[in-house]
Amino acid sequence: MANPVYTFPADEDGDIDWMNDLKRRRKSGPRALQQSATPARWGDATRAVHSGTYADPITGAVGTPLFASSTFRFNEGTYGAFEQGITRDVPIYARYGSPNQWAVQEKISALEQGESTVVFASGMAAISTTLMALTNSGGHVVSSYDVYGGTYNFLREDMHQNGRSVSLVDPTSIDAIRAAIRPNTQVLFFETMTNPLLKVVPLPEVVALGRELKLLVVVDNTFLSPIALKPLTLGAHVVIHSCTKYMNGHSDLTAGSATGSRKYMDRVWSQMLRFGGSADPWVCSLLERGLKTLALRMEAHHRNVDRIVQFLVKHPRVKRVYHPSITEPPDGWLARATSRRFGGMVSFEIEGGDEASLRLLPYFEVPTVATSLGGVESLVSLPFNTSHSSLTMARRQAVGILPGLVRYSVGIEDPDDLIRDLSNALERAYAPMNGKVRA
Ligand SMILES: *Cc1c(COP(=O)(O)O)cnc(C)c1O
């Protein structure tokens, strides 16, 4: 007999459809028993510390032990899991899952108030895997033209190669978002705040639109963290993080997460198995430790950024400050939903354009000049020669990135030190113009 040839998608009718049917029911798994769940009434700080910790029955370890194992011995339960199709929740093989992944997943689920989380090797793994898992060939995604650079490249370069089309619109305009929707639209993908201008997406309206038209609303909440905003509680279907940023908070790893209903996350998880972007146990162990202080760290970021914004708005060399506390109405939805806590990012435009901003950078003593954000240490960068360097001048202007823009990821240092340092750097950057001798 000749070897059979299998073609995907199968040409026989109906053969493959169920795989792509988002309504396909999945059995929810047993959820690892040793992973501690925390009551819904507990606050964020308590959950950040306790949710998901692996309670080791033998040693009574207070923290989750590091399971540095790529594979796990089979037993009755493993075979049962294979039979029932619930291999996501039993220790089998580290790409499928491990106690260290589950600890992180339970903690993020608790913080975002979602049913289920999948953790990834990076934010980009989370975004690409989730978008591929929740769309089909022929599907269409509406997103923003100023999404994170990596996401922009993925939407532009890869989605159409995989049979998905994408429309990029002004994310602050619900009318523009509505106008971009087509009969084959499946996902609305937006960031809660844009980079680097911290423009606010009208999320409640995006959610209402998605619910009305039966589209999935996927939100990248990296810039705010669940301490400031929990998009699932507003009705979004999936919330994504680059855990490289605030979630981990220590600039010592890359990771990502996607959180939503068990139904969607099972789908994302099985896509993750095939794409292979799973997070290894060491990274998960570090990320779990970072997450324990999330609420505490965010408090310091929020306090510090507010002080810096107050300083910047009064500074004579600063032309404009981009921060929701300035750019958004105090009674706007984001201000209310976050209790006026907007993460730790701020951008500002200084007099003298990019030349002046280039002069400014070397005078900073506390922040490091580097890209990325959300760590305990402050970082500064210039969008024009880093994150947005691939955009033409005209495109940058259209987005609103004007010459002289500085992006500041405010860390958790002593706010007085940050302000003294910023004041000093600004003073020295303009020293020749003040008639003083430049150091
Ligand atoms: C950094 C970032 C990403 C990508 O995350 P990685 O962990 O670097 O892959 C995605 N979205 C936003 C908003 C980010 O800031």
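Select S372 in this predicted model. At 26% relative accessibility, S372 is partly exposed, because the partly exposed class runs between 20% and 50%. S372 sits in the loop between β10 (368-369) and β11 (379-381). Look at its backbone: phi of S372 is near 85°, a positive value in a residue other than glycine. Most residues other than glycine have a negative phi, and most peptide bonds are trans.

**A loop with two backbone features**

Go next to the loop between β4 and α8, and select L198 there. Phi of L198 is near 55°, again a positive value in a residue other than glycine. Is L198 buried or exposed? L198 is buried, with a relative accessible area of 2%.

Stay in this loop and select P196, which lies between β4 (185-191) and α8 (203-213). The peptide bond that joins N195 to P196 is cis, and its omega is near 0°.

**From L198 to a strand**

Keep L198 on screen and add V346, one of whose contacts is L198. V346 belongs to strand β9 (residues 345-350). Its relative accessible area is 0%, so V346 counts as buried. Which residues touch V346, leaving aside its neighbours within four places in sequence? Besides L198, they include V305, I308, V309 and L312, and also V321, Y322 and H323. V406, R407, Y408 and V410 are in contact with V346 as well.

For a separation in the model, select Q35 together with V346. The two residues are 311 residues apart in sequence and 37 Å apart in space, C-alpha to C-alpha.

**Salt bridges**

Side chains of opposite charge can pair when their charged atoms come close. How many salt bridges are counted in this structure? The count comes to 10.

Select R178 and E212, whose side chains meet in a salt bridge at 3.3 Å, N to O. R178 is in helix α7 (residues 174-180) and E212 is in helix α8, so this pair ties together parts that are 34 residues apart in sequence. R178 is partly exposed, with a relative accessible area of 44%. E212 is also partly exposed, with a value of 49%.

Now move to helix α15 (residues 353-360) and select R359 and E355, which lie 4 residues apart, about one turn of the helix. Their closest N and O atoms are 3.9 Å apart, and the two residues form a salt bridge. R359 is buried, at 15% relative accessibility. E355, at 60%, is exposed.

Another group to select is R88, D89, R262 and D266, which salt bridges with shared partners join into one network. Within this group, zoom in on D266 and R262: their side chains meet at 2.8 Å, N to O. D266 and R262 both lie in helix α10 (residues 262-275), 4 residues apart, about one turn of the helix. Both are buried.

**Aromatic pairs**

A pair of aromatic rings is described by the distance of the centres and the angle of the planes. The structure holds 6 aromatic pairs. Select F74 and Y79, an edge-to-face pair with 5.5 Å centre to centre and 85° between the planes. F74 is partly exposed at 39% relative accessibility, and Y79 is partly exposed at 47%.

Next select Y96 and W269, which form an edge-to-face pair with 6.0 Å centre to centre and 75° between the planes. Where do the two partners lie in the chain? Y96 is in the loop between α3 (76-84) and α4 (99-112), while W269 is in helix α10. The pair links distant parts of the chain, 173 residues apart. Y96 is partly exposed, with a relative accessible area of 22%, whereas W269 is buried at 8%.

Return to F74 and Y79 and add F82: ring pairs link these residues into a cluster.

**A cavity**

Last, look inside the model. A search of the whole structure finds 2 cavities of 30 Å³ or more. The second largest has a volume of about 30 Å³. To see its lining, select D354, F384, M393, R396, Q397, I401, L402 and P403. Which element gives the largest share of this lining? Helix α16 (residues 393-399) does, with 3 residues. By type, the lining residues are 5 nonpolar, 1 polar and 2 charged.

Conventions: Residues are numbered from 1 along each chain as its sequence is written. This is a predicted model: local features need pLDDT of at least 70, side-chain atom pairs count only at pLDDT 80 or more; totals for chains, interfaces and linings use all residues. Side-chain values use heavy atoms; hydrogens and water are left out. On a 1 Å grid over the protein atoms alone, a cavity is a set of points where a 1.4 Å probe fits but cannot get out, and a pocket is an open set with protein on both sides within 12 Å along at least five of seven lines; lining residues have an atom within 4 Å of a point. Grid points are joined across faces, edges and corners, and a volume is the space filled by probe spheres set on the points. Ala, Val, Leu, Ile, Met, Phe, Trp, Tyr, Cys and Pro count as nonpolar, Asp, Glu, Lys and Arg as charged, and the others, Gly among them, as polar. Buried means under 20% relative accessible area, exposed over 50%, partly exposed in between (1.4 Å probe, protein chains only). A salt bridge is a side-chain nitrogen of Lys or Arg within 4 Å of a carboxyl oxygen of Asp or Glu. Contact means heavy atoms within 4.5 Å. Rings of Phe, Tyr and Trp (its six-membered ring) pair if their centres lie within 6.5 Å; planes under 30 degrees apart count as stacked, over 60 as edge-to-face and the rest as tilted.
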